[in-house]
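Here's a quick briefing to keep beside the viewer while you turn the structure around. It goes through the fold, the sheet, the core and the aromatic rings.

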Amino acid sequence: MPIVNTLELSTIHVTDKTQELLYEMVHDNVCEINKHGVYSLDYGWFIVLPENRYNINDLDEIVKYARSKKCRYIVIDVDADICKDLPVFWREPNDQNNQG
C-alpha cells in the first residue's frame, strides 16, 4: 500500500482573491479547475496536485513547492502552520476571508 505526502499550509499563504477563486472552484460545477480536484474543508481546501498550472501566482507557487517536497496533495487550512519558504499575505484578524 503506497503512502503519499500531503503539504499542509496556513490560509495565510493565499491571497483573498485566490481564496475567492478556490471557493468558486469548489462550488461551480462548470469551472474547469474543479475537475483537477479542489474540495472544500470546514476552514480551508483539500487540493489534488494538478498536472498543469492554475495560472494563479500564489497557488502555482504552492503547487511548485509541494512537488519539490514530493507531495501529491495540499491542505490549505486556517489552523495550519505557516511555511517560512512561501510568501504570506497578512489579513486583519476579523477579515471574513480567513475561512474556506
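Reading from the N terminus, the elements of the protein chain come in the order β-α-β-β-α-β. That makes 2 helices and 4 strands. Keep in mind that this is a predicted model.

**The chain overall**

- The protein chain has 100 residues, and 41% of them count as buried.
- About 6,600 Å² of the protein chain is exposed, with carbon and sulfur atoms supplying 48% of that area.
- Take the contacts in the protein chain with a separation of 6 or more: 67% of them come from residues 24 or more positions apart.

**The sheet**

- The 4 strands make an open sheet with mixed pairing, and their order across it is S1-S4-S3-S2.
- Strand S1 (5-10) and strand S2 (38-41) are the edge strands; each has a single partner strand, so one side of each has no neighbour in the sheet.
- From one strand to the next, the twist averages 20°.
- As a reminder, strands of a sheet pair through backbone hydrogen bonds, and they do so either parallel or antiparallel.
- S1 pairs with strand S4 (residues 71-77) in the parallel sense, over 6 bridges.
- S3 and S4 run antiparallel and are joined by 5 bridges.
- S2 and S3 run antiparallel too, with 4 bridges between them, and these two strands form a hairpin with 2 residues in between.
- Tyr 73 is a handy landmark in S4: it is the bridge partner of Thr 6, and Tyr 73 is also the bridge partner of Val 48.

**The helix across the sheet and the core**

- Helix H2 (residues 57-68) lies across S1, strand S3 (44-48) and S4, and it runs at about 135° to S4.
- The largest nonpolar core has 22 residues. Leu 22, Val 38, Ile 47, Leu 59, Ile 62, Ile 74 and Ile 76 are the ones with the most contacts inside it.
- S1, helix H1 (16-27), S3, H2 and S4 each put at least two residues into this core.
- H2 gives the most to this core, with 5 residues.
- Want one residue to click on? Try Leu 59: leaving aside residues up to four places away in sequence, Leu 59 touches Thr 18, Leu 22, Met 25, Ile 47, Tyr 54 and Ile 76.

**The aromatic rings**

- A pair of aromatic rings is described by two things, the distance of the centres and the angle of the planes.
- There are 2 aromatic pairs by the ring-centre rule used here. One of them is Tyr 39 with Phe 46, which is tilted, at 6.4 Å centre to centre and 45° between the planes.
- Why does that pair count as tilted? Its planes are 45° apart, and an angle under 30 degrees would be stacked while one over 60 would be edge-to-face, so the pair falls in the remaining class.
- Tyr 39 and Phe 46 also meet through the strands, as Tyr 39 stands opposite Phe 46 in S3.
- Are these two buried or exposed? Tyr 39 counts as partly exposed because its relative accessibility is 47%, and Phe 46 counts as partly exposed because its value is 25%.
- Ring pairs link Tyr 39, Phe 46 and Tyr 73 into a cluster.

Conventions
Residues numbered from 1 in each chain as written. Predicted model: local features only at pLDDT ≥ 70, side-chain atom pairs only at ≥ 80, totals over all residues. Heavy atoms only, no water. Phe/Tyr/Trp six-rings, centres within 6.5 Å; stacked < 30°, edge-to-face > 60°. Buried < 20%, exposed > 50% of the residue type's maximum accessible area, 1.4 Å probe, protein only. Pairing = 2+ DSSP bridges. Axes fitted to C-alpha atoms, helices over the stretch in contact; angles between N-to-C directions. Contact = heavy atoms within 4.5 Å. Areas by Shrake-Rupley, 256 points an atom, 1.4 Å probe, with all protein chains shown as cover. Core = buried A, V, L, I, M, F, W, Y, C linked by side-chain atoms within 4.5 Å.
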